[in-house]
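Trainee: Can we go through this one together? I'd like to know what stands behind each label before I use it.

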Amino acid sequence: MQFLIFSLIATTFLILPSTTTQSETPPPLCSPADRAALLSFKAAILKDTTGILSTWTGANCCSGGWEGVECGGAAAGRVTTLILQNPSSGGAAAGFMKGTLSPSLGNLRFVETMIITGMKRLAGKIPETLSNLTRLTHLVLDDNSLQGNIPSSLGHLVNIQTVSLSGNHLTGQIPESLGNLRYLNQLILSKNFLSGPIPQTLIALKSLQFLDLSYNSFSGPIPDFFGHFSNLTSLVLTKNQFSGQIPVSLFGLVRVSELSIDQNQLTGKIPVQIGNLKSVSVLRLSSNKLSGQIPESIAHLQSLWNLNLSRNSLTNPFPDAAFGSGLRSLLSIDLSYNSLDLGAVPSWIKNRELSDVHLAGCKLRGPLPNFTKPESLTTLDLSGNFFTNGVSSFLENMSNLQSVKISNNLLNDDLSSIRLPNQISTLDLHSNRLSGSLTSVLSGRKIKFMEVVDVSNNLISGGIPGFGIGLNLRVLNLGNNKITGQIPSSISNLAKLERFDVSRNGLTGTIPTGLGLLSKLQWLDLSINKLGGKIPESLLGIEALRHASFRANRLCGEIPQGRPFNVFPKVAYAHNLCLCGKPLPPCKGKNMGQ
């Protein structure tokens, strides 16, 4: 989506008339009406941390000095382009504009492109007055905080080609009047709170090439007339409440390169006509209620590189031979959590140069498989199967692997002997029968790239190794093992840690005061160990903390009296030696001093 908009912006600038050079006459003064409209917009912005509006000074808004404002076209001195984009990419230092969209924007009668994106705190309704902009061809108001309904008056913008309102707080239904936009080729309404059925009037949008309604609450059947948009190249309906069967008409969209209708409530079988999507490269049908067999005709999709059929109720027989001889462009496959009983990883999957393989819950058995081209894999999910062994050397040659999940299996290997690739960032082996120590997982140079480590619910023993500085760990889950020793004081080096779980082990010693330096920590579980001493006051410095449990240890003394520790439920401190203070009973002299 962002690439699409950036391409649009680049094209817009390419077609703009050039501003003055040394050999040309100075630009004409901008229209007083346009200048007044822009200044009214500026006045409605209460705070601007982007710095854009600080350039809007002087009498001539067409001078080139007003950032985001371009003039030209048939009428000299009239604003034709308004592009206000947040220069920040995100994070704590991200810029924003706080305020509303002034109705005065509707007075920019010659504007052809209006793009106001990424301002985050730009709220209020979309002004009805935008319907006055009859020359407008591109309206992009993405990633703000706009509220209310989509104005039905936008249906008066008869020359509009792009309407993109993604990433706001818009509610209500799609106005029927949008069916009047005969030249519309991009309609992007994703990431809002829109609801209701799709209006029948949209059948008139014959020029539509890109339709994205994802991450809303649209309901009812997917309209059959979507299959009549012969120019459509992308149809994205992800995460709505569409129900009923997949319209067969969709498979007549011979130009469509992406069809994403995942995370809905679609039922019935996948139509065999799906094999007619000769241009499709991304096909996502996951997280629906689809049943029956996977059609062999999918193997005819020679441009397909991303196939996701996960989280449905699809059954055997799996079209192994057909897929093995077709799908020559495939790079990513997800068949997870259906009712498939594959027994073993299909040989064509093991022998292809695939980047993403997700076969969780496919009833795979025996030792872990041998991938003949392991260096091509970047993500691998074999969770929820019945693999028994082979993890020690399984990952060693997957030199580009970034994420691996083999949780909820029957692996009984020694974790100490596991050999990890250099770049791995996510390692999830929870709920197996792994033994040995944590040394090979949490020590050495490979931990520098680790962000998520979950080896909980195993039989791991030994201690927790120390941690160096500069690590990127966000999640460290060692719960429900046989780990002993102390929590290393170097835990304070994990500055990015958000979740730390060492519950249900045999840890001794005290809680390191350095835990209080982990300002991003949201989840802390130290329960059911043998930890003694007090809960350090330094933990009050963890402002992001949302969950903590110190239950069933040997702790004593006053609970830190500040939020959130004094408002956590009593069960978080139960079954210790002598903890006191809110939310437990008040401390007495003896308890306070221990």
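Mentor: Sure. Let's start with Asn576, which sits in the loop between strand 39 (554-558) and strand 40 (578-580). Keep in mind that this is a predicted model.

Trainee: Why is Asn576 called buried?

Mentor: Its relative accessible area is 17%, and buried means under 20%, so Asn576 gets that label.

Trainee: What makes the link between the side chain of Asn576 and the backbone nitrogen of Asn553 a polar contact?

Mentor: The two are 3.1 Å apart, and the cut-off for such a pair of N or O atoms is 3.5 Å. The Asn576 side chain also has a polar atom 3.1 Å from the backbone oxygen of Tyr573. Setting aside neighbours within four places in sequence, the residues in contact with Asn576 are Phe550, Arg551, Ala552, Asn553, Arg554 and Leu555.

Trainee: Tyr573 and Phe550 are listed as an aromatic pair; why is the pair called stacked?

Mentor: Start with the general idea: a ring pair is described by the distance of the centres and the angle of the planes. There are 12 aromatic pairs in the structure. For Phe550 and Tyr573, the centres are 5.7 Å apart and the planes 5 degrees apart. Pairing needs centres within 6.5 Å, and stacked needs planes under 30 degrees apart, so both tests are passed.

Trainee: And what makes Phe318 and Phe323 edge-to-face?

Mentor: There the angle is 70 degrees, with 5.4 Å centre to centre. Edge-to-face starts over 60 degrees, so that pair takes the other label. Both Phe318 and Phe323 are buried.

Trainee: How do you know that the Phe550 and Tyr573 pair links distant parts of the chain?

Mentor: The two residues are 23 apart in sequence. Phe550 is in the loop between strand 38 (547-549) and strand 39, while Tyr573 is in the loop between strand 39 and strand 40. By the under-20% rule both count as buried, because Phe550 has 0% relative accessible area and Tyr573 has 2%. They also belong to one aromatic cluster with Phe565 and Phe568.

Trainee: What makes Arg121 count as sitting over the ring of Phe96?

Mentor: The charged end of Arg121 is 3.9 Å from the ring centre, and the distance limit is 6 Å. Arg135 does likewise over the ring of Phe110, at 4.0 Å from the centre.

Trainee: Now the sheets. Why are strand 8 and strand 22 called edges?

Mentor: The open sheet has 8 strands in the order 8-10-12-14-16-18-20-22, paired in parallel. Strand 8 (147-148) and strand 22 (313-315) each have a single partner strand, so one side of each has no neighbour in the sheet.

Trainee: How do you know that strand 8 and strand 10 pair?

Mentor: They share 2 bridges, in the parallel sense, and at least two are needed. Gln147 stands opposite His169 there. Strand 18 (residues 265-269) and strand 20 (residues 289-293) have 3 bridges, with Lys269 partnered by Ser291.

Trainee: What about the sheet with the order 1-4-6: which strands stand at its edges?

Mentor: Strand 1 (45-48) and strand 6 (122-123), because each has a single partner strand. Pairing in this 3-strand sheet is mixed, although strand 4 (residues 97-100) and strand 6 run parallel, joined by 2 bridges.

Trainee: What makes Gln263 and Arg311 worth listing for their backbone angles?

Mentor: In general, most residues other than glycine have a negative phi, and most peptide bonds are trans. Gln263 has a positive phi of about 60 degrees, and Arg311 has one near 55 degrees. At 28% relative accessibility Gln263 is partly exposed, as is Arg311 at 48%, because both values fall between the 20% and 50% limits.

Trainee: Where are the cis peptide bonds?

Mentor: One runs from Asn316 to Pro317, with omega near 0 degrees. Another joins Lys582 and Pro583, where omega is about 10 degrees.

Trainee: Last one: what is the mean pLDDT of the protein chain?

Mentor: The mean is 93, and 93% of the residues reach 70 or more. Over residues 8-23, though, the pLDDT is below 50. Where pLDDT is low, the predicted coordinates should not be read in detail.

Terms used. Residues are numbered from 1 along each chain as its sequence is written. This is a predicted model: local features need pLDDT of at least 70, side-chain atom pairs count only at pLDDT 80 or more; totals for chains, interfaces and linings use all residues. Side-chain values use heavy atoms; hydrogens and water are left out. Helices (H or I, at least four residues) and strands (E, at least two) are DSSP runs, numbered from the N terminus. Buried means under 20% relative accessible area, exposed over 50%, partly exposed in between (1.4 Å probe, protein chains only). A polar contact is a pair of N or O atoms within 3.5 Å; within protein, one must be able to donate a hydrogen and the other to accept it, and residues adjacent in sequence count only if both atoms are side-chain atoms. Contact means heavy atoms within 4.5 Å. Rings of Phe, Tyr and Trp (its six-membered ring) pair if their centres lie within 6.5 Å; planes under 30 degrees apart count as stacked, over 60 as edge-to-face and the rest as tilted. A charge sits over a ring if NZ of Lys or CZ of Arg is within 6 Å of the ring centre and within 35 degrees of the ring normal. pLDDT is the predictor's confidence in each residue, from 0 to 100.
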